[in-house]
Amino acid sequence: MKKKNIESIVRANIAALSPYSTARDEYQGELGVFLDANESPYENGYNRYPDPHQKRLKAILSEKKGVNAENIFLGNGSDEAIDLMFRLFCEPAEDNAVAIAPSYGMYKVAAAINNVQMREIQLGEEFSLPVEELLSACDEHTKLMFICSPNNPTGNLFPRESILHLAEEFEGMLVVDEAYIDFAGAESLVGAIATHPNIVVLQTLSKAWAMAGLRLGLALADKRVVEIMSQVKYPYNINQAALQIVEKLLSEPIDDKVAEIVTERSEVAEKLCNMSFVDKVYPSDANFLLVRVDDADAVYNHLIADGIIVRNRTRVQGCEGCLRITIGTPEENLKMLKSLEAYEEKSAVC
Ligand SMILES: *Cc1c(COP(=O)(O)O)cnc(C)c1O
């Protein structure tokens, strides 16, 4: 099958860009008297600009993920990588993107900001991946396709073969958002980048790695894609404080915490299933449960009154009647379940 190469998908102005060259690009030695970047000479730990290429952090992540450093882009959260996808590949007011729905809200917002039409394709039965509908929604101006797997807010992982099939048939860039992959007990698609250079895998330190406050997202992609993303990003997009703290926190293992969340997920799901006002608990490969109840607004407000905040998704097409409940600590989950038991008793009386 004929396949477009990256150069023919990227916008012409971006391919031709001569990127900003930082002081740190022009002199790379580590020792010396640095009078080249108009920094303050008074050391306080943060007076110097950070490494614009994040070499040390990429080396650590390269080892952890089994991916070459040249295939890693680091962004100020995955949201930066999502925005960059539009800026790299979509001509405003001309190109379009395709995404599944319901899914992560940022794809549509980033498309709108970049003046790119977003074509949303509703998931099928039981939130299955509508492979043929996604492909038929594409035309010669479709440059991006977004698949979130495990998907937010539905929680399910899509079959690897179906995603690879999409990558093979689609002529633009396929963005696979794996924000929740650590909870899925499934293999990431990063291994497929070598054979499918139009796949961009997004991962994040915001969920399983417990660093949402530090804002660190990864795009794992073909070397040329990473190179272009790096030319378009703000030169110092990851700040020195984040670099230092992330490097330190990455040395603390997360396996036990991920395992606890996965165990809690099935226990909470089972308890919710047995409640009379719960219609359905959708299977989850993520750190949250999508739960369909008889009256989503009433349950949501009941939980709020008890100081428990969940995400009300009832006004999202395809999620009518649904709440998205993040799995917390065992104590937090118990509080949430207790509150729902009280709701059950209350609603049984009237
Ligand atoms: C939470 C989440 C992210 C993470 O975004 P960051 O900007 O890295 O915090 C990405 N994608 C999806 C689908 C998410 O739910």
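The lining of the largest pocket splits by class into 8 nonpolar, 8 polar and 8 charged residues. For these classes, Ala, Val, Leu, Ile, Met, Phe, Trp, Tyr, Cys and Pro are nonpolar, Asp, Glu, Lys and Arg are charged, and the others, Gly among them, are polar. The model is a predicted one, where local features need pLDDT of at least 70 and side-chain atom pairs count only at pLDDT 80 or more, while totals for chains, interfaces and linings use all residues. Residues are numbered from 1 along each chain as its sequence is written, and side-chain values use heavy atoms, with hydrogens and water left out.

That largest pocket holds about 760 Å³ of space. It has 24 lining residues, and R24, E30, Y49, P50 and D51 are the ones closest to its centre. Helices α4 (55–65) and α10 (240–249) each put at least two residues into the lining, and α10 gives the most, with 4. Helices (H or I, at least four residues) and strands (E, at least two) are DSSP runs numbered from the N terminus.

A word on terms: on a 1 Å grid over the protein atoms alone, a pocket is an open set of points with protein on both sides within 12 Å along at least five of seven lines, a cavity is a set where a 1.4 Å probe fits but cannot get out, and lining residues have an atom within 4 Å of a point. Points are joined across faces, edges and corners, and a volume is the space filled by probe spheres set on them.

What about closed space? The whole structure has 1 cavity of 30 Å³ or more, and the largest cavity has about 30 Å³ of space. Strands β9 (288–293) and β11 (322–326) are the elements giving two or more residues to its lining. The lining is made up of L272, F277, V278, V291, V293, V299, L323, I325 and L340, which by class comes to 9 nonpolar, no polar and no charged residues.

Now the ligand. It is surrounded by 13 residues (each with a heavy atom within 4 Å of it), and Y180, T204, S206, K207 and R215 are the closest. By class, this shell has 4 nonpolar, 5 polar and 4 charged residues. Some polar contacts, meaning pairs of N or O atoms within 3.5 Å (within protein, one must be able to donate a hydrogen and the other to accept it, and residues adjacent in sequence count only if both atoms are side-chain atoms), are set out here:

| Side chain | Partner | Distance |
|---|---|---|
| N152 | ligand oxygen | 2.9 Å |
| S206 | ligand oxygen | 2.7 Å |
| R215 | ligand oxygen | 2.6 Å |

Taken alone the ligand exposes 390 Å², and the protein buries 94% of that. Accessible areas come from the Shrake-Rupley method with a 1.4 Å probe, and for residues only the protein chains shown count as cover.

A few single residues round things off. Buried means under 20% relative accessible area, exposed over 50%, and partly exposed in between. K143 sits in strand β4 and is buried at 15%; its side chain makes a polar contact of 3.1 Å with that of D95. N156 lies in the loop between β4 (142–148) and α8 (160–169). N156 counts as buried because its relative accessibility is 13%, and a polar atom of its side chain is 2.8 Å from the backbone oxygen of F127. S266, in helix α11 (residues 255–273), is partly exposed at 45%.

Note on methods. Buried means under 20% relative accessible area, exposed over 50%, partly exposed in between (1.4 Å probe, protein chains only).
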